[in-house]
Amino acid sequence: MNNVNLAKTAEVLCTLGKHLALYGAETRLIVQSVKEMAADLGLLKIDLALTRTGITVKIIKGQAKVIEFAEITSFGINMSALTSLHQICLEVKEGKLKDPEEILLAINAVKAGSYDKSLLILIEAVAASAFAFLNGGNLAIMAATFCGGLLLMFIRFFLLKRGFFECFAFTVSAFCGSSFTLLVAKCLLHLPTPEISIAVMATTLLLVPGFPFMNGFLDVFKGYMDVGISRLVNASVLTMAAAIGLIGTVYLVYSPLWEQM
């Protein structure tokens, strides 16, 4: 394997790890997938370093040494893209894909599937209503939660699309969504305080980053402490941001203005 092919192979491995991280794979899966593909491409040993901000692949073969780095901008979630990347890994293992250039093109061709934002807002609002039902809510509570869920997700997508920080988007959307739920439940449906609490709580459950928490715990339990802790910290900060918005709504409940309504 000449230096050009070695460099291209390093780029393939680094790109694979980067895409797996971007689409939500846990650290162990990223490491295993990259090392298995390296073995399938004829490399018996590679050095791999994965952090919260990037992945580095180092290949030494004879007198040749190649180091490739790729920046990881975020740890998202997209199971459809992960499935496509896993299929590429299987094709390389089975010998259907051998040329590094073709493998790189196949990896870069994988795009994250997405739904229409309007449909997502509706789905999330229905999910909020389901949360309310599971916590003992009746139809009125579910209706108030649905309305708040619609506004919450609309504001969240609106702010993220315009480049606001994710924490800020979580705080503002949590406050606006839960406050709207509060107003609908109190002023339109005239629900008692315990039922209002269920509706408000169910609305903000939409912002709990469950998947990052799960991946963070899995990374920590499997020994990938640095990446795992960074994922847990990031998820905890987002949760606290949503909690700040909810606290703002709770403050409204105990304000003199609310008592006059």
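**Exercise 1. Describe how helix α6 (residues 139-161) and helix α7 (residues 166-188) pack.**

Step 1. Take the angle and the spacing. The two helices pack at about 155°, and their axes lie 8 Å apart. Axes are lines fitted to C-alpha atoms, for helices over the stretch in contact, and angles run from 0 to 180 degrees between N-to-C directions. Helices are DSSP runs (H or I, at least four residues), strands likewise (E, at least two), numbered from the N terminus.

Step 2. Name the arrangement. The angle makes α6 roughly antiparallel to α7 (over 145 degrees).

Step 3. Sort the contact residues. There are 16 nonpolar, 5 polar and 2 charged. Here Ala, Val, Leu, Ile, Met, Phe, Trp, Tyr, Cys and Pro count as nonpolar, Asp, Glu, Lys and Arg as charged, and the others, Gly among them, as polar.

A note on the model: it is predicted, local features need pLDDT of at least 70, side-chain atom pairs count only at pLDDT 80 or more, and totals for chains, interfaces and linings use all residues. Residues are numbered from 1 along each chain as its sequence is written, and side-chain values use heavy atoms, with hydrogens and water left out.

**Exercise 2. Lay out the sheet and its hairpin.**

Step 1. Order the strands. The open sheet has 3 strands, β1-β2-β3, with antiparallel pairing. Two strands pair if DSSP finds at least two bridges between them.

Step 2. Find the edges. They are β1 (47-50) and β3 (64-71), each pairing on one side only. From one strand to the next, the twist averages 10°.

Step 3. Follow β2 (residues 54-61) along β3. The two strands pair over 8 bridges. Isoleucine 55 has alanine 70 of β3 as its bridge partner. Threonine 56 stands opposite phenylalanine 69 in β3.

Step 4. Close the hairpin. Between β2 and β3 there are 2 residues, and glycine 62 in the turn has a positive phi of about 70°.

**Exercise 3. Which residues lie nearest the centre of the largest pocket, and which helices help to line it?**

Step 1. Locate the centre. Gly76, Ile77, Arg156, Phe157 and Glu166 lie nearest, out of 35 lining residues.

Step 2. List the helices. α3 (79-93), α5 (117-134), α6, α7, α9 (210-221) and α10 (225-253) each supply at least two lining residues.

Step 3. Classify the lining. It has 21 nonpolar, 9 polar and 5 charged residues.

Step 4. Define the terms. On a 1 Å grid over the protein atoms alone, a pocket is an open set of points where a 1.4 Å probe fits, with protein on both sides within 12 Å along at least five of seven lines; lining residues have an atom within 4 Å of a point.

Methods: Parallel < 35°, antiparallel > 145°, perpendicular 65-115°, else oblique.
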